[in-house]
Amino acid sequence: MTTSLRKNVLSLLAATIAFLPVHAFAGKDNDTLVAAFQAKLPSLDRYHSPGREGFLLGLLAYDALVYRDPNTFELKPLLATAWRQVDDKTWEFDLRQGVKFHNGDQMTAEDVAYSLMYAADPENKVFNRMTGGWIERVDILDPYKIRVVGRDAAPLALEYIIQLPVVPKKYRESVGIQAFSEKPVGTGPFMVAERSGNDVVFKRNEDYFEGGGKSKPAIGTFIYRAIPDVNTQVAELISGGIDWAYYIPSDQAEKLKRMPMVDVINAETFRIGFLTLDAAGLSDPASPLKDERVRKAIAYSMDREAMAKTLVGGASKPIPSACTPSQFGCFADVTQYPYDVEKAKALMAEAGYANGFDIDIYGYRSRPVAEAIIGYLNAIGVRANLHWLQYSAVIQARRDHKTPIVIDDFGSAGVNDVGAILPFFFAESPDDQSRDPVVTQAVKEAGTIADQDKRKALYETALKQIADKAYWAPLFSMPVNYVMSKGVDVPVPADENVEFWRASWK
């Protein structure tokens with residue numbers, strides 16, 4: 001290590017070491033891979049654990065019927081060995097025999113039917129309700145064969161199926177939902193061993209089955225560690241307290257590239273950043289955001305190019321529409337809102353807010369991005385009061401109609417179809433803040449027909465309306481900076497769905 005580089009490392013450590021929590025170190029010696037995440041898992045029940053972290057929990061401790069390769073996006077067998085589409089609404093699945101839950105119970109069709117119908121029942125309020133909402137019923141044809149019947153045609157049925165984990169009916173019903181959320185049981189490559197403070201400890205499932213898209217982990221222990229502060233994550237990476245982290249800001253990532261103890265990889269994802277605006281006035285019937293001119297002013301006030309280049313970095317680019325550009329049905333030829341402060345101020349004055357107004361804004365992901373957005377808003381008289389919370393708290397606040405503006409992002413669970421993002425934020429979903437009948441009808445209809453040309457036309461209608469009315473302020477694509485210890489190999493996926501069971505020591 002050069003003298004100057006050593007000084008950089010020491011100075012960074014000195015600035016942050018006082019804030020480091022006391023933990024056992026990660027590493028090969030104790031066969032323990034420690035990964036840092038900003039969000040704490042509010043529940044270990046996959047059906048009630050939100051966001052990308054909840055999705056990763058599902059991959060670690062649970063299995064679905066079908067597996068999707070995170071790089072090729074090929075669908076492969078997992079708990080189902082084969083499947084067939086009977087008609088536009090009906091699928092049959094042959095189930096793998098000999099699979100055991102972590103508590104030793106055998107998995108059968110009864111567990112699968114219970115799991116899918118739990119997700120389908122709106123009364124259960126699973127986090128992502130569209131993944132099971134299309135299911136009308138599940139028929140058990142024999143102990144290892146089921147038939148899933150949809151309410152209508154479901155063009156994304158298999159994309160939803162891969163997000164529906166199978167849980168043990170008998171155990172879950174006997175202990176109750178709350179107890180299950182603390183001590184869950186699945187069939188996944190890792191099992192939950194304990195939860196302590198900000199750590200969730202996963203141990204290798206020694207009885208994990210062979211022949212599916214996943215495999216028995218190469219590393220014996222995986223620890224999910226919640227570290228909300230990015231500076232602390234960086235210090236822990238340098239000191240060896242953790243092995244892996246992601247969503248490291250571009251300025252920090254550039255510094256870490258010069259450090260000899262870590263590797264930094266920037267990878268594109270399906271994730272996009274945007275502002276959701278309470279156009280329907282759900283949080284306040286007198287909200288200025290109900291005025292289309294105010295929402296357009298906010299859209300014009302954002303310097304997307306600057307934020308993408310300087311704050312997100314990597315391959316980040318501004319996006320024109322409410323979808324990931326590569327997704328099927330993502331129509332980009334919509335009303336545009338280039339950076340124009342004077343036009344934004346004129347619209348504010350026209351709407352009667354020449355002196356601006358105060359408003360609450362919620363965020364959870366990147367503090368530098370949030371501060372930049374608040375600066376842009378302040379330049380046109382929108383004085384934003386920032387509420388910085390965990391992701392789950394922000395989403396719950398929106399669903400409770402308390403959030404005028406959210407600095408949000410969405411990764412579509414790696415689904416390369418607009419049908420993954422629009423039904424989540426529109427069509428009278430729990431997160432719909434526009435309640436626009438044109439958008440609702442188009443999105444709902446597109447989700448119930450198989451004709452791809454018709455689906456594309458309906459999504460075009462919806463995306464044009466969203467842009468015309470400025471229900472969102474689309475910002476930028478969000479490539480991810482992955483940082484990991486030189487001593488470990490954690491494969492980087494194309495869709496953020498990191499497969500920690502494939503990690504190995506070098």
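The buried residues of helix 2 are Gly 51, Arg 52, Glu 53, Gly 54, Phe 55, Leu 56, Leu 57, Gly 58, Leu 59, Leu 60 and Ala 61. Because 11 of the 11 residues of this helix (residues 51-61) are buried, helix 2 is largely enclosed by the rest of the structure. Its cover includes strand 1 (32-37), strand 8 (190-196), strand 9 (199-204), strand 10 (221-226), strand 11 (244-246) and helix 14 (391-399).

The model described here is predicted. Its mean pLDDT is 93, and 95% of the residues reach 70 or more. Over residues 1-24, however, pLDDT stays under 50, and the model has 30 contacts beyond four places in sequence for this stretch. Where pLDDT is low, the predicted coordinates should not be read in detail.

## The antiparallel sheet

An open sheet of 4 strands follows the order 4-5-7-6, and its pairing is antiparallel. Strand 4 (80-87) and strand 6 are the edge strands, each pairing on one side only. From one strand to the next, the twist averages 20°.

Strand 4 is joined to strand 5 by 6 bridges, the two running antiparallel; within this pair, Arg 84 stands opposite Glu 92 in strand 5. Strand 5 (residues 90-95) also pairs with strand 7 (residues 145-150), in the antiparallel sense and over 5 bridges. Here Asp 94 is placed opposite Lys 145 in strand 7. Strand 7 is in turn linked by 6 bridges to strand 6 (residues 135-142), again with antiparallel direction, and Asp 139 faces Arg 147 across that pairing. Strand 6 and strand 7 form a hairpin, with 2 residues between them.

Helix 3 lies across strand 5, strand 6 and strand 7, and runs at about 175° to strand 6.

## The mixed sheet

A second open sheet is described by the order 15-14-16-13-17; it has 5 strands and mixed pairing. Its edge strands are strand 15 and strand 17 (472-477), each of which pairs on one side only. Neighbouring strands of this sheet are turned by 25° against each other on average, direction ignored.

Both senses of pairing are represented by the two strand pairs below.

| Strand pair | Sense | Bridges | Facing residues |
|---|---|---|---|
| Strand 14 (residues 357-363) and strand 15 (residues 382-388) | parallel | 7 bridges | Tyr 362 opposite His 387 |
| Strand 13 (residues 272-277) and strand 16 (residues 405-410) | antiparallel | 6 bridges | Gly 273 opposite Asp 409 |

Helix 10 (residues 292-301) packs on the sheet, where it touches strand 13, strand 14, strand 16 and strand 17. The direction of helix 10 makes about 155° with that of strand 13.

Strand 14 and strand 15 pair in the parallel sense. Between them the chain passes through helix 13 (residues 367-379), and this β-α-β crossover is right-handed.

## Nonpolar cores

In soluble globular proteins, nonpolar side chains tend to be buried together. The largest nonpolar core of this model holds 153 residues, of which Leu 65 and Phe 93 touch the most other members. Helix 3 (residues 109-120) supplies the largest share of this core, 8 residues.

Leaving aside neighbours within four places in sequence, Leu 65 is in contact with Pro 77, Leu 78, Leu 79, Ala 80, Phe 93, Leu 95, Val 112, Leu 116, Ile 146, Ile 161 and Val 166. Another core lies apart from the largest one; it has 18 residues, among them Ile 238, Ile 242, Val 262 and Val 483.

## Surroundings of Tyr 160

Which helix contains Tyr 160? This residue is found in helix 5 (residues 157-161). Since buried residues are those under 20% relative accessible area, Tyr 160, at 11% relative accessibility, counts as buried. Not counting residues up to four places away in sequence, Tyr 160 touches Met 130, Thr 131, Trp 134 and Gly 419. Tyr 160 and Val 66 are 94 residues apart in sequence, and their C-alpha atoms are 9.7 Å apart in space.

Terms used: Residues numbered from 1 in each chain as written. Predicted model: local features only at pLDDT ≥ 70, side-chain atom pairs only at ≥ 80, totals over all residues. Heavy atoms only, no water. Pairing = 2+ DSSP bridges. Right-handed = clockwise from strand over helix to strand, strands pointing away. Core = buried A, V, L, I, M, F, W, Y, C linked by side-chain atoms within 4.5 Å. Buried < 20%, exposed > 50% of the residue type's maximum accessible area, 1.4 Å probe, protein only. Contact = heavy atoms within 4.5 Å. pLDDT = per-residue confidence, 0-100. Axes fitted to C-alpha atoms, helices over the stretch in contact; angles between N-to-C directions.
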